[in-house]
Amino acid sequence: MNNIGYNFLANSIYSTAEVAFKGAIKANNILYGKENYENVEPLNSLALLYKLKGKTNDAINFADKGIRILFKYIQSESQSLATAERQS
């Protein structure tokens with residue numbers, strides 16, 4: 001659904017893009033849980049949409065949520081790497 005939202009966003013159909021992005025987040029929450037990496041892209045998509053609409057505070061909030069999930073994901077994945085495979 002996130003890709004569909006991008007198509008609407010690219011055509012400046014913001015209200016439909018917003019519905020698609022929120023639908024992607026809702027579906028991912030059901031399938032994977034709220035804090036899953038799958039939500040990073042639609043959260044960032046919503047952040048971009050809100051920035052374009054001039055809703056800066058909403059944009060910051062959604063971008064922050066996406067970044068926090070991404071950092072948690074990176075931290076959890078890096079624990080499984082052998083020390084020799086990690087980059088500093």
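Two exercises on helix packing follow, each with a worked solution.

The model is predicted, so that local features need pLDDT of at least 70 and side-chain atom pairs count only at pLDDT 80 or more, while totals for chains, interfaces and linings use all residues. Residues are numbered from 1 along each chain as its sequence is written, and side-chain values use heavy atoms, with hydrogens and water left out.

**Exercise 1.** Determine how H3 and H4 pack, where helices are DSSP runs (H or I, at least four residues) numbered from the N terminus.

Solution. Helix H3 (residues 40–52) and helix H4 (residues 56–79) have axes 7 Å apart and pack at an angle of about 160 degrees, axes being lines fitted to C-alpha atoms over the stretch in contact and angles running from 0 to 180 degrees between N-to-C directions. H3 is therefore roughly antiparallel to H4, a label for angles over 145 degrees, just as roughly parallel applies under 35. Contact means heavy atoms within 4.5 Å; among the residues making it are Leu43, Leu46 and Tyr50 of H3 and Phe62, Ile69 and Leu70 of H4.

**Exercise 2.** Determine the relative direction of H1 and H3, and then the make-up of their contact.

Solution. The axes of helix H1 (residues 2–10) and H3 come within 10 Å and cross at roughly 15 degrees, and H1 and H3 are therefore roughly parallel to each other. The contact is formed by Asn2, Asn3, Tyr6 and Leu9 of H1 together with Glu41, Pro42, Ser45, Leu48, Leu49 and Leu52 of H3. By class, these residues divide into six nonpolar, three polar and one charged, where Ala, Val, Leu, Ile, Met, Phe, Trp, Tyr, Cys and Pro count as nonpolar, Asp, Glu, Lys and Arg as charged, and the others as polar.

Methods: Helix = DSSP H or I, 4+ residues; strand = E, 2+ residues; numbered from the N terminus. Parallel < 35°, antiparallel > 145°, perpendicular 65-115°, else oblique.
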